[in-house]
Amino acid sequence: MTAITTQHIAGAVSGAKAAMGDLEQVLNEADSKLGDGDTGSMLARLIDRLADADPAVEPSISDAFSKLARAAMGATGSSLGTLFATGLMTASRMTKGKDSIAWSELAPLLSASRDAMMARGGAKLGDKTVLDAIHEVATAVEGLNDQASVAQSAKQAGQIVLERFFNESCKVGRARMFMERSIGTHDPGMLAFVRLVDAVAG
Amino acid sequence: MKKLLNAPTAYVDEVLDGLTLAHPSLVRDGTAGRVIRRASGIKPGKVGVASGGGSGHLPLFTGYVGKGLIDTCAIGNVFEGPNIDSCMDAIRLANGGRGVLRLYGNYGGDRMNFDMAGEFLEEEGIRTTTVLGIDDIASGTLDERQKRRGVAGLIYAYKAAGAKAEEGADLDEVTRIGRKAVEATRTIGVALAPCQVPTADRPTFSLAEDEIEMGMGIHGEPGIWRDKLKPADAVVDEMLDRLLADQAITTGRVSILVNGLGATPLEELFILYRRAAERLRRERIEIVQPLVGNYVTSMEMAGASISLHAIDDELATLLAAPADCPFWRVA
């Protein structure tokens with residue numbers, strides 16, 4: 001299949017929801033080292049709302065992304081949740097009027113979402129946040145136009161970014177206050193994105 | 001950690017139900033019921049003051065909705081910012097036709113959601129301005145003051161901006177006063193024992209039975225140092241040393257807030273206040289309208305914070321102006 005449809009989006013949400021069963025406490029544990037230990041619970045709640053939104057029934061992928069963005073915005077006001085919603089809103093804007101998009105359009109979609117999230121949240125690449133993971137995956141899938149290659153490259157990129165930043169310190173937001181203590185930990189947002197990519201890519 | 005609750009996911013809504021039932025001056029509103037506003041509504045022609053933040057800090061944020069303070073408050077889940085819809089609802093409900101000041105603490109989620117809410121509401125013709133609470137001196141150097149988080153000192157900005165709005169001032173003037181109150185306020189806290197978010201399966205941080213952490217944030221953000229617990233007087237002395245080094249009290253007058261974080265007895269807060277008052281007297285700084293109590297908490301965190309609010313004649317007048325909410329009354 002050479003195009004991403006609302007069915008793919010719904011499938012990705014279902015995959016993410018299934019993965020949260022195990023991931024919730026893994027992410028809470030990661031967050032307990034740098035935050036208040038509830039990133040997994042927040043994300044589980046958010047993804048439940050996305051699944052309830054049922055994006056498969058929407059007439060276009062733009063509508064599907066928009067519906068998911070609204071659901072994410074309603075689920076939480078946490079910074080990570082709001083950034084996810086910002087990314088989904090950007091994806092909706094970029095796909096306006098399209099029933100489907102080619103797999104090769106995924107990279108520019110991810111890049112644009114990353115840029116919008118940077119503008120909204122104020123973090124930069126290299127700060128050890130979810131943005132670095134999105135950037136790595138967007139770069140890895142650039143030019144690829146089939147689902148299998150995209151899935152494989154995205155998973156590899158996720159692993160690489162986690163390893164690269166594991167021994168870096170967090171430089172932004174609440175986690176920046178932990179400085180040295182954040183070395184040898186995964187940023188919860190980065191870990192969440194990578195593990196969800198793993199789950200969705202299969 | 002034991003908590004009296006029914007279900008972790010029902011925590012916030014049941015708190016808000018109880019709060020509004022106990023205090024009929026407050027009502028729940030907004031599409032998701034996550035806005036607390038004055039039961040009497042916004043007075044037409046008055047500048048509105050809207051605030052918001054995560055649950056888990058009562059009386060902040062929702063407890064300060066009332067005359068001479070804030071008009072509306074959007075509330076999120078425990079330690080999570082309010083969502084965009086609630087922020088938009090809070091701003092709309094605070095709009096009496098002369099604009100709304102958005103006054104809240106400097107946290108990523110709160111900032112993003114209030115910013116987006118403001119952008120959406122511009123299309124509805126509602127003018128808004130923003131003032132961020134940045135009083136916690138442990139969360140950033142003086143050079144990076146704009147990155148500091150807002151903690152207990154935010155209530156002084158509520159009081160000053162709320163009083164100014166009640167006088168009938170316009171939005172620019174209310175905003176100026178809000179900024180001035182933030183500029184005049186510094187806070188530092190100490191933690192003795194952790195809190196726990198209802199949906200998490202363990203406390204937010206651990207602290208040994210005989211330890212204290214200086215400068216810890218109200219969500220358990222790390223502080224400046226962690227060491228063996230010291231006598232109360234020594235703790236107060238260091239807190240005041242740090243506060244006074246961060247801000248020269250050129251006016252010679254302060255209001256001081258000795259605030260409990262949730263699990264510290266009022267008696268211990270008065271032990272802290274006793275030393276602080278003695279120390280400020282020695283520094284020839286006059287105390288005006290001191291506050292001692294649980295004004296901004298962090299679930300069941302044990303510990304306290306001290307805020308110094310340097311006042312001139314203008315801020316003194318606003319601090320003394322009548323105010324009435326369930327947790328703070330100035331006659």
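In this predicted model, B:Lys230 sits in the loop that runs between β9 (225–228) and α6 (232–246) of chain B. With a relative accessible area of 31%, B:Lys230 falls in the partly exposed class, because that class spans the range between under 20% for buried and over 50% for exposed. Once neighbours within four places in sequence are set aside, B:Lys230 is in contact with B:Trp225 and B:Val235. B:Thr185 lies 45 residues from B:Lys230 along the chain, and the C-alpha atoms of the two are separated by 26 Å.

The helix that follows this loop, α6 of chain B, holds a salt bridge of its own. B:Arg242 and B:Glu238 both belong to α6 and are four residues apart, about one turn of the helix. Their closest N and O atoms are 2.8 Å apart. The two partners differ in their surroundings: B:Arg242 is partly exposed at 29% relative accessibility, whereas B:Glu238 is buried, with a relative accessible area of 19%. A network of salt bridges with shared partners joins B:Asp233, B:Asp237, B:Asp241, B:Arg274, B:Arg275, B:Glu278, B:Arg279, B:Arg282 and B:Glu283.

Over all chains, the structure holds 48 salt bridges. Side chains of opposite charge can pair when their charged atoms come close. One such pair is B:Asp71 with B:Arg38, whose closest N and O atoms are 2.9 Å apart. This pair links distant parts of the chain, with B:Asp71 in the loop between β3 (48–55) and β4 (72–78) of chain B and B:Arg38 in strand β2 (residues 35–38), 33 residues apart. Both ends count as buried: B:Asp71 has 3% relative accessibility, and B:Arg38 has 10%.

A further salt bridge joins B:Glu183 to B:Arg145, with the closest N and O atoms 2.8 Å apart. Here too the pair links distant parts of the chain, 38 residues apart: B:Glu183 lies in helix α5 (residues 171–183) of chain B, and B:Arg145 in the loop between β6 (128–133) and α4 (154–167). B:Glu183 is partly exposed, with a relative accessible area of 45%, while B:Arg145 is buried at 8%.

Another loop of chain B, between β7 (185–193) and β8 (211–214), carries B:Gln196. B:Gln196 is buried, with a relative accessible area of 7%. Its side chain reaches the backbone oxygen of B:Ala200 at 3.0 Å. Not counting residues up to four places away in sequence, B:Gln196 touches B:Met1, B:Lys3, B:Asp201, B:Arg202, B:Pro203, B:Thr204, B:Met299 and B:Glu300.

One of these neighbours of B:Gln196, B:Arg202, leads to the interface between the chains. B:Arg202 forms a salt bridge with A:Glu29, the closest N and O atoms being 2.9 Å apart. Across the interface of chain A and chain B, three salt bridges are found, and nine residue pairs are in polar contact, with both residues at pLDDT 80 or more. On the side of chain A that touches chain B, at least two residues come from each of α1 (6–34), α2 (39–53), α3 (61–75), α4 (79–94) and α5 (106–121). Of these, α4(A) gives the most, with five residues. By class, this side of chain A has seven nonpolar, 14 polar and eight charged residues. The contact takes 29 residues from chain A and 31 from chain B. Together the chains bury about 2300 Å² between them, 50% of it on carbon and sulfur atoms.

A:Gly121, in helix α5 of chain A, gives a local view of how the chains meet. A:Gly121 touches A:Leu83 in its own chain and B:Arg111 and B:Met112 in the other, not counting residues up to four places away in sequence. At 22% relative accessibility, A:Gly121 counts as partly exposed. A:Thr86 is 35 residues from A:Gly121 in sequence and 9.6 Å from it in space, C-alpha to C-alpha.

The nonpolar interior can be described through its cores. In the largest nonpolar core, of 76 residues, A:Met20, A:Leu43, A:Phe193 and B:Ile91 touch the most other members. The element that gives the most to this core is α3(A), with nine residues. A:Leu43 touches A:Met20, A:Leu27, A:Phe84, A:Ala192 and A:Leu196, not counting residues up to four places away in sequence. Apart from this core lies another, of 66 residues, among them B:Ala161, B:Leu207, B:Ile218 and B:Met299.

Notes: Residues are numbered from 1 along each chain as its sequence is written. Chains are lettered from A and ligands numbered from 1 in the order in which they are written. This is a predicted model: local features need pLDDT of at least 70, side-chain atom pairs count only at pLDDT 80 or more; totals for chains, interfaces and linings use all residues. Side-chain values use heavy atoms; hydrogens and water are left out. Contact means heavy atoms within 4.5 Å. Buried area is the accessible area (1.4 Å probe) that two parts lose on being put together, summed over both. A salt bridge is a side-chain nitrogen of Lys or Arg within 4 Å of a carboxyl oxygen of Asp or Glu. A polar contact is a pair of N or O atoms within 3.5 Å; within protein, one must be able to donate a hydrogen and the other to accept it, and residues adjacent in sequence count only if both atoms are side-chain atoms. Ala, Val, Leu, Ile, Met, Phe, Trp, Tyr, Cys and Pro count as nonpolar, Asp, Glu, Lys and Arg as charged, and the others, Gly among them, as polar. A nonpolar core is a set of buried Ala, Val, Leu, Ile, Met, Phe, Trp, Tyr and Cys residues joined through side-chain atoms within 4.5 Å. Buried means under 20% relative accessible area, exposed over 50%, partly exposed in between (1.4 Å probe, protein chains only).
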